[in-house]
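Reader: I've got this model open and I'd like a close look at one part of it, namely the sheet and whatever packs around it. Could you walk me through that in one go, and mention any odd backbone spots or voids you come across on the way?

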Amino acid sequence: MQDREPRRLIIGSSGASGVIYGARLLQLLRNAGIETHLVMSKTAEQTFAYETDLKISEVRALASFSHAIDDMAAPISSGSFRTAGMIVAPCSMRSMSEIASGVTTTLLTRAADVALKERRRLVLMVRETPLHTGHLRTMTALSEMGAIIAPPVPAFYAKPDSLDEMVEHTVGRVLDLFDIDIGVIRRWGEDEDLKRRPLRKTP
């Protein structure tokens, strides 16, 4: 009888806007006792300085293990290293395109390629707008390979009071894809105040 799939997730962070999604995932997963393996691109490190007050050392400390972007011998580069899958948060168009091509040049895109080839869950929180036809075709190709394209789109029905609440709801929905409920989602039809609907005015 084989062991259950390990409670272990890879978190990648590439150079798109929205690096806070990756950081918040790491925080929530740490609190949930789930082992995380972090890999960040050089551009993601720069983006943290632009968009947050977090130091890179603080971000790395949120993960159970942190791997250098050019460490192609890291455990997450091999399919024999069992994980529940990978989330790239955020995912730049460059990283997305490299993953789709299968020609990987960094540990981040190699780990994503491993998730695909091992038929593990790969979720890409792509961050770009507007999208041209090339972007859309690449997303279609990845979806056909088994990846899930999950742009970080805010859910206003949850009535967020802050940017932090919007971020938490978004990453909570991404973790739903791995059957991980960390208790930060206000769920439609379950939260009492979300069940109430305004009365329609009679024309």
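Author: Here is a walk through the sheet, then its surroundings, then the backbone and the voids.

Keep in mind that this is a predicted model. The sheet is an open one of 6 strands, and reading across gives the order S3-S2-S1-S4-S5-S6, with parallel pairing. At the edges you'll find strand S3 (65-67) and strand S6 (148-149); each has a single partner strand, so one side of each is left without a neighbour in the sheet.

Take the S6 edge to begin with. Strand S5 (residues 121-126) runs parallel to S6, and 2 bridges join them. If you want a residue to click on, Val123 has Ile148 in S6 as its bridge partner. Two helices that pack on the sheet also touch S5. Helix H4 (residues 93-101) touches strand S4 (85-91) and S5, and its direction makes about 150° with that of S5. Helix H7 (residues 163-176) touches strand S1 (8-13), S4 and S5, at about 155° to the direction of S5.

Now hop over to the other edge. Ser66 lies in strand S3, and its 32% relative accessibility makes it partly exposed. Leaving aside neighbours within four places in sequence, Ser66 is in contact with Leu38 and Arg60. For a sense of scale, the C-alpha atoms of Ser66 and Thr140 are separated by 30 Å, and these two residues are 74 apart along the chain.

What about the greasy parts? In soluble globular proteins, nonpolar side chains tend to be buried together. The largest nonpolar core here has 28 residues, and Leu25 and Ile87 are those with the most contacts inside it. Elements giving two or more residues to this core are S1, helix H1 (19-31), strand S2 (35-40), helix H2 (42-51), helix H3 (56-62), S4, S5 and H7. H1 gives the most, with 7 residues. Leu25 is a good place to centre your view: not counting residues up to four places away in sequence, Leu25 touches Ile11, Ile87, Ala89, Met125, Val171 and Leu175. Apart from this core lies another, of 25 residues, and Ile76, Ala112, Leu124 and Met139 are among them.

One of the residues touching Leu25, Ala89, brings us to the backbone. Ala89 and Pro90 are joined by a cis peptide bond, with omega about -5°, and Pro90 sits in strand S4. A cis peptide bond also joins Thr129 and Pro130, where omega is about -10°. Pro130 belongs to the loop between S5 and helix H6 (133-145).

Then there are a couple of positive phi values to check. Lys159 is a residue other than glycine, yet its phi is near 50°. You'll find Lys159 in the loop between S6 and H7, where its relative accessibility of 46% counts as partly exposed. Asp179 isn't a glycine either, and its phi is positive at about 60°. Asp179 is in the loop between H7 and helix H8 (192-195), and with a relative accessible area of 72% Asp179 is exposed.

On to the voids. The count is 1 cavity of 30 Å³ or more, and the largest cavity has a volume of about 30 Å³. Its lining consists of Ile10, Ile76, Ser78, Phe81, Thr83, Ala111, Val114, Ala115 and Arg120. Helix H5 (residues 107-117) gives the most to that lining, with 3 residues. Ile76, which lines the cavity, is also one of the residues in the 25-residue core.

The largest pocket has a volume of about 300 Å³. Of the 15 residues lining this pocket, Ile20, Tyr21, Leu163, Asp164 and Val167 are the closest to its centre. H1 and H7 each supply at least two residues of the lining, and H7 gives the most, with 6 residues. That ties the pocket back to where we began: H7 packs on the sheet, touching S1, S4 and S5, and both H1 and H7 give two or more residues to the largest nonpolar core.

Methods. Residues numbered from 1 in each chain as written. Predicted model: local features only at pLDDT ≥ 70, side-chain atom pairs only at ≥ 80, totals over all residues. Heavy atoms only, no water. Pairing = 2+ DSSP bridges. Helix = DSSP H or I, 4+ residues; strand = E, 2+ residues; numbered from the N terminus. Contact = heavy atoms within 4.5 Å. Axes fitted to C-alpha atoms, helices over the stretch in contact; angles between N-to-C directions. Core = buried A, V, L, I, M, F, W, Y, C linked by side-chain atoms within 4.5 Å. Buried < 20%, exposed > 50% of the residue type's maximum accessible area, 1.4 Å probe, protein only. 1 Å grid on protein atoms, 1.4 Å probe; cavity = no way out; pocket = protein on both sides within 12 Å on 5 of 7 lines; lining within 4 Å. Points joined across faces, edges and corners; volume = space filled by probe spheres on them.
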